[in-house]
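Hi,

Here is the structure I promised to pass on to you. My notes on what turned up in it follow below.

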Protein chains: 2
Amino acid sequence: MSSPRRPNLELLEYTITLAVENVRGGKGGPFAALVATDGKVIAEGVNLVTSTNDPTAHAEVVAIRRACEALGTFQLTGAELYTSCEPCPMCLGAIFWARPAVVFYAATCIEAAAAGFDDALIYRQIALPGDQRIIPMIHVPTPRSGHSFETWRHQRQRVDY
Amino acid sequence: MSSPRRPNLELLEYTITLAVENVRGGKGGPFAALVATDGKVIAEGVNLVTSTNDPTAHAEVVAIRRACEALGTFQLTGAELYTSCEPCPMCLGAIFWARPAVVFYAATCIEAAAAGFDDALIYRQIALPGDQRIIPMIHVPTPRSGHSFETWRHQRQRVDY
């Protein structure tokens with residue numbers, strides 16, 4: 001087992017600086033993130049939800065998308081993600097799909113909640129059955145539901161991810 | 001309390017057709033989604049992870065981003081989201097931030113797992129403390145961590161979301 005990585009404090013502090021600047025510039029919420037490899041910044045991201053009308057444009061998602069674009073890959077193997085705040089469930093999911101080696105964060109989701117960003121609500125909702133969530137997620141069985149997966153299994157040129 | 005919405009089966013079947021076409025066209029994984037209001041499709045999305053090098057380009061995320069772009073808003077209040085498969089944790093988070101009224105899905109995450117898409121792993125990881133996840137998420141306290149939130153609180157022209 002490899003030894004645990006140590007955070008680069010300069011990079012972590014830099015995400016806080018970016019988050020402050022993002023608020024002052026009116027671009028979006030008080031969050032910033034960056035992807036680095038071997039101490040070198042590959043891409044930065046700030047929260048752009050309101051300025052780009054994109055509810056998925058959280059700092060981590062933006063940084064991951066830009067890092068992948070810069071590297072020409074859909075995986076961030078070996079990379080480190082620094083973020084000014086603990087990831088929300090959406091960003092946590094994005095991190096698992098992008099698969100960096102480690103995430104370092106400064107503020108906790110408790111600090112975020114105190115500022116009005118209630119990720120904890122979403123974490124609690126995830127634990128409920130779909131049809132009991134405040135946004136109900138309803139399973140509608142259909143005989144064709146497996147059709148796309150069958151097509152996938154038989155696709156020879158498919159690119160797994 | 002309003003009565004539960006009923007799914008438009010034609011729209012749900014259409015997402016399965018889009019998912020099959022996406023695989024056949026080599027654009028990405030076997031998933032598709034759409035956002036509709038009053039039975040009218042606002043935007044469609046398919047999985048574009050491998051063809052765009054974007055690990056966040058899941059069908060639901062793509063559909064939400066396009067619907068918000070089309071409507072010029074970062075909220076999908078009152079809208080319905082149809083998806084060929086039960087949302088993964090990232091997409092579930094995106095749905096909570098976009099806030100449509102309801103989600104209808106065809107295949108379950110069990111069917112997705114059988115085809116090699118193990119969302120269940122991420123759901124299990126979410127339940128663990130950050131530092132015990134296979135991608136460790138490490139809290140690094142710093143005296144400046146609350147700075148961006150303070151700036152946010154004092155920002156008069158801020159746009160809440």
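A good place to start is E80(A), which stands opposite V102(A) in β4(A). These two belong to a pair of parallel strands: β3(A) is joined to β4 (residues 102-107) of chain A by five bridges. Strands here are DSSP runs (E, at least two residues), helices likewise (H or I, at least four), and both are numbered from the N terminus; two strands pair if DSSP finds at least two bridges between them.

Before going further, some housekeeping. This is a predicted model, in which local features need pLDDT of at least 70 and side-chain atom pairs count only at pLDDT 80 or more, while totals for chains, interfaces and linings use all residues. Residues are numbered from 1 along each chain as its sequence is written, chains are lettered from A and ligands numbered from 1 in the order in which they are written, and side-chain values use heavy atoms, leaving out hydrogens and water.

Back to β3 of chain A (residues 80-85): six of its six residues are buried (under 20% relative accessible area with a 1.4 Å probe, protein chains only; exposed is over 50%, partly exposed in between), so the strand is largely enclosed by the rest of the structure. Strand β1 (residues 32-37) of chain A pairs with β3(A) too, in the antiparallel sense and over four bridges. Within that pairing, A33(A) has T83(A) as its bridge partner.

Chain A overall has seven helices and five strands, and along the sequence they follow the pattern α-β-β-α-α-β-α-β-α-α-β-α. Of its 161 residues, 55% are buried. Its C-alpha atoms fill a box of roughly 55 × 40 × 35 Å, taken along the principal axes.

You may like the next part, since it involves both chains. An open sheet of five strands has the order β5(A)-β4(B)-β3(B)-β1(B)-β2(B), with mixed pairing. Its edge strands, each pairing on one side only, are β5 (137-139) of chain A and β2 (40-46) of chain B. From one strand to the next, the twist averages 20°. Inside this sheet, strands β3 (residues 80-85) and β4 (residues 102-107) of chain B run parallel and are joined by five bridges; Y82(B) has F104(B) as its bridge partner in β4(B).

Best wishes

Technical notes: Axes fitted to C-alpha atoms, helices over the stretch in contact; angles between N-to-C directions.
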